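Colleague: Could you take me through one part of this model, the sheet, strand by strand? I'd like a close look at how the strands pair.

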Amino acid sequence: MAGRFVPRTTAVPRQQPVPEVSAAPQARVWTPPGPLDLRLVLGPLRRGPADPTYRALPDGTFWRATRTPAGPGTLRISAVPGGRIAGAAWGPGAQWLLDGLPALLGADDEPDLFRPRHRLLAMTRHLRPGLRLLRTGLVMESLIPSILEQKVTTDEAYRAWRLLVRTYGTPAPGPADPLFGSYGLHVMPDARTWSLIPSWEWHRAGVDAKRSATVLRAVRVARRMEEAAAMELPEAMARLQVIPGIGPWTAAETLQRSNGAPDAVTVGDFHLPGIVGHALAGNRNADDEEMLELLAPYEGQRHRATRLIMLSGRTPPRRAPRFSPRDIASL
């Protein structure tokens with residue numbers, strides 16, 4: 001008698017433990033070249049209030065879990081007396097993270113190149129002297145969540161990132177801190193694990209087929225994507241946009257973080273043109289073309305200009321209700 005057919009499936013690891021590492025961290029202390037506000041600098045890495053890869057604690061300590069070229073790593077960053085920054089790191093990627101700590105905190109950034117032409121930007125820069133543009137040197141960790149944020153509400157995107165990283169990522173190396181709450185820090189999945197996530201799990205996370213297909217195309221060439229971290233902005237933008245489904249918006253959002261690109265202005269955003277138009281010209285109905293015209297005096301520093309506008313609080317009052325999230329997982 002023929003046996004019952006059992007379909008073959010590829011097992012996808014879920015929350016596999018990282019290799020055991022010493023509980024004692026590696027450490028370094030670094031003195032920044034000027035004022036440094038850790039919250040402002042590291043804030044763009046946070047993907048929602050419950051991001052499993054990032055924590056900002058009430059005592060001013062910041063934790064970051066990521067996947068480096070040397071393997072998973074956890075980095076703790078805090079300010080110490082004397083205007084210095086203390087870093088401690090765990091896991092196979094610990095040394096890589098500590099070596100990159102200055103760049104992460106904007107050591108390669110050149111804020112003095114920015115020349116404000118509007119009073120609003122001059123005032124905001126004066127009030128926020130600790131703003132520097134970070135550089136992670138890692139493309140995929142910013143590219144994947146940026147893809148998840150395409151054409152959906154931030155709440156939908158944050159939920160998808162949270163569910164997928166917690167389910168398919170790995171617990172971060174280092175201490176288990178009760179301040180992290182019910183869920184500890186996690187390192188995002190590697191490229192192979194992303195590629196093995198079944199379609200129904202993307203659906204359960206609320207990710208439609210277009211976005212999941214874009215992620216899958218990107219992880220298949222993850223090494224080529226990571227090379228963009230060492231490229232100049234035009235070449236890096238072109239490299240990322242080779243992937244169908246990755247356009248100027250996604251590429252800019254990624255390179256702002258991975259490359260610390262001060263001119264990676266986000267084109268194609270639903271809200272940003274109106275915010276820039278309102279702040280610089282009193283025109284809340286500005287489109288991308290008008291936004292770029294207003295930012296033209298800041299060419300080379302247009303991303304920094306938009307960061308300062310967002311920090312100024314000069315945003316137009318809301319005239320319509322927020323978009324309602326789509327719950328595709330229940331379909």
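Modeller: Let's begin with strand 2 and strand 3 (residues 62-68), which pair in the antiparallel sense over three bridges. Here a strand is a DSSP run of E with at least two residues, numbered from the N terminus, and two strands pair if DSSP finds at least two bridges between them. Within this pairing, Ala56 has Phe62 of strand 3 as its bridge partner.

Please keep in mind that this is a predicted model, in which local features need pLDDT of at least 70, side-chain atom pairs count only at pLDDT 80 or more, and totals for chains, interfaces and linings use all residues. Residues are numbered from 1 along each chain as its sequence is written, and side-chain values use heavy atoms, with hydrogens and water left out.

Stepping back, the open sheet is formed by five strands in the order 1-5-4-3-2, with antiparallel pairing. Strand 1 (26-30) and strand 2 (54-56) are the edge strands, each pairing on one side only.

Now to strand 5 (residues 84-90): six of its seven residues are buried (under 20% relative accessible area with a 1.4 Å probe, protein chains only), so this strand is largely enclosed by the rest of the structure. Strand 1 pairs with strand 5 in the antiparallel sense over five bridges, and there Arg28 stands opposite Gly87. Strand 4 (residues 71-80) is joined to strand 5 by seven bridges, again antiparallel, with Ile85 as the bridge partner of Ala79. The hairpin of strand 4 and strand 5 has three residues between the strands, and Gly82 takes a positive phi near 90° there.

Methods: Helix = DSSP H or I, 4+ residues; strand = E, 2+ residues; numbered from the N terminus. Buried < 20%, exposed > 50% of the residue type's maximum accessible area, 1.4 Å probe, protein only.
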